[in-house]
Amino acid sequence: MTKKIHSSDFGKNFIWGVSTAAFQIEGAHDKHGKGPSIWDVFTSRKGKIRGNDTAKTSCDFYHRYKEDIYLMKSLNIPNFRFSISWSRILPMGTGKINTEGIAFYNRVIDYCLEQDITPWITLYHWDLPHELELKGGWTNREILDWFEEYTKVCAQSFGDRVKHWMVLNEPMVFTGGGYFLGVHAPGKKGMRNFLPAVHHAQLSQAVGGRMIRKWIHDAKIGTTYSCSYIVPKNKSPRNIRAAKRVDALLNRLFIEPVLGLGYPEKDLPILKKLKPFILPGDMGKSQFEFDFIGIQNYTREVVQHSYFIPYIRAKIIEAPKRKVITTLMDWEVYPPSIYEMIRKYSEYCTMPNLIITENGAAFQDTFTEGKIKDKKRQKFLKDHLEQVLKAKKKGLNVHGYFVWTLTDNFEWAEGYHPGFGLVHVDFKTQKRTVKKSGKWYKTFLDVRN
């Protein structure tokens, strides 16, 4: 990239921050009354996580939150997105409230405000209480009531100080990975689990939104979606149709019902099998007027037709096979993807404001003489921000950007192998070291520039 960009190029009201998730950073997995989550259980099973890693301690944010929040302040980061661990405040998922869990998040919120950092809460970032999974988890329609109760507790406990809320994090990923492929917690597989989980997660977006609106009248409410720019391998009609099916699954499945458009079953006929789970009035109840939608984009996908893939008749061509530049996650580095997703979502006539709530990359960092040089991550962020600026200048509906993530952490099924952080964590000593990319982001955000 030739031209240097700065946060001021985006306008003074553009929102900047970093994103994290409770299970990935907190540790203290059984401290002070916390109940087990599905990820606590899943990571205890051999062979489920790379290196058999667990998040029992991870970054130990539970005890080191002041250090990390102050680190954010030192990096000029004005907004902090974090999630609530459902089982830390409701150990059984419903019923008795764990006051020590509430107290922890109160301390985090209060210290953020003390440091002039605005807290943004994500209600659900994948760590469902294990006790609720024993009752069917997201496949059980009762989760609408469980989630409503949980949301009410959070809104009443934190809504006097927290005005920015996100309901679900990437429902396509936690339903697909956890209830169809079985590679994420709780490890269930098959369409019989995936379909009800999808519909109940869909309804829960609106349930959570309405509950926040009820208890926090001045709240800004959103929800977040994983999305990838989908392109066909070539212009053959069957590959174009295959790409359309994948796009309907990965990019449209959850947003279109919220906007009153229903499920995209015309382009993905397998979604007609959702009908047994849709009760009268459900599609109306799935609609909610969010204040913003979070776009979480990391890459693009190239698709070709495949007779051998059931339900979708399409295959994603893995990036390494296409001989393109990739991250440690084997995701293609393709900055225009983020522009294309802003453009795509902006085309919905009733789309609220868009905020990039996650974007970042894992690369092999170089640690020399106490310094971490991560030029690839720095370039990744700069190149993607250039695409966001392009969208902004074209008048597209984008109003913020959050980096994933502050510190290296537990990266779900990949364990500690990939590090996405602006800050390196030595998981043996818990020492934090700001990477070159973190120092670059600090300069990028410096309001004095």
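**Entry 1: helix H10**

I call a residue buried when its relative accessible area is under 20%. With that settled, I opened this predicted model and went to helix H10, residues 237–252. Which residues of H10 are buried? I noted Asn 239, Ala 242, Ala 243, Arg 245, Val 246, Asp 247, Ala 248, Leu 249, Asn 251 and Arg 252.

I also checked the length of H10. Its 16 residues should span 22 Å at 1.5 Å a residue, and the C-alpha atoms at its ends are 21 Å apart, so the two agree.

**Entry 2: Met 172**

Leu 249 of H10 led me to Met 172, since Met 172 touches Leu 249. Met 172 sits in helix H8, residues 171–179. Is Met 172 buried or exposed? I found it buried, because its relative accessible area is 11%. Besides Leu 249, I listed Gly 177, Phe 194, Ser 226, Leu 250, Leu 253 and Phe 254 as residues that Met 172 touches, leaving out those up to four places away in sequence. I looked up one distance too: Ser 58 is 114 residues from Met 172 in sequence, and their C-alpha atoms are 25 Å apart.

**Entry 3: strand S6 and its partners**

Next I turned to strand S6, residues 292–305. Why do I describe S6 as largely enclosed by the rest of the structure? I do so because 13 of its 14 residues are buried.

Then I went through the strands that pair with S6:

- I counted 10 bridges from strand S5 (residues 220–232) to S6, and the two run parallel. Here Val 231 faces Val 302 in S6.
- I found 5 bridges from S6 to strand S8 (residues 353–358), again a parallel pair. Phe 292 has Asn 353 in S8 as its bridge partner.
- I saw 4 bridges between S6 and S7, which run antiparallel. Val 303 is matched there with Ile 316 in S7.

**Entry 4: Ile 295**

I picked Ile 295 as a residue within S6. Its relative accessible area is 0%, so I marked Ile 295 as buried. What does Ile 295 touch, apart from residues up to four places away in sequence? My list has Tyr 225, Cys 227, Met 341, Ile 342, Tyr 345, Leu 354, Ile 355, Ile 356, Thr 357 and Glu 358. I also looked at Leu 123, which lies 172 residues from Ile 295 along the chain; their C-alpha atoms are separated by 16 Å.

**Entry 5: Thr 327**

From S7 (314–317) I followed the loop that runs to helix H13 (336–346), and there I found Thr 327. Thr 327 counts as buried because its relative accessibility is 7%. I noted Val 333, Ala 361, Ala 362 and Phe 363 as its contacts, setting aside residues up to four places away in sequence.

**Entry 6: two helix pairs**

I started with helix H3 (residues 61–74) and helix H5 (residues 99–114), whose axes are 10 Å apart at an angle of about 5°. That angle makes the pair roughly parallel. By class, I read 9 nonpolar, no polar and 2 charged residues in the contact of H3 with H5.

My other pair was helix H14 (residues 375–393) with helix H15 (residues 436–445), packed at about 35° with axes 8 Å apart. On the H14 side I noted Lys 375, Arg 377, Gln 378, Leu 381, Lys 382 and Leu 385, which meet Lys 436, Ser 437, Trp 440 and Phe 444 in H15. The residues of this contact divide into 4 nonpolar, 2 polar and 4 charged.

Terms used:
Residues are numbered from 1 along each chain as its sequence is written. This is a predicted model: local features need pLDDT of at least 70, side-chain atom pairs count only at pLDDT 80 or more; totals for chains, interfaces and linings use all residues. Side-chain values use heavy atoms; hydrogens and water are left out. Buried means under 20% relative accessible area, exposed over 50%, partly exposed in between (1.4 Å probe, protein chains only). Contact means heavy atoms within 4.5 Å. Two strands pair if DSSP finds at least two bridges between them. The expected span of a helix is 1.5 Å times one less than its number of residues. Axes are lines fitted to C-alpha atoms, for helices over the stretch in contact, and angles run from 0 to 180 degrees between N-to-C directions. Angles under 35 degrees count as roughly parallel, over 145 as roughly antiparallel, 65 to 115 as roughly perpendicular and the rest as oblique. Ala, Val, Leu, Ile, Met, Phe, Trp, Tyr, Cys and Pro count as nonpolar, Asp, Glu, Lys and Arg as charged, and the others, Gly among them, as polar.
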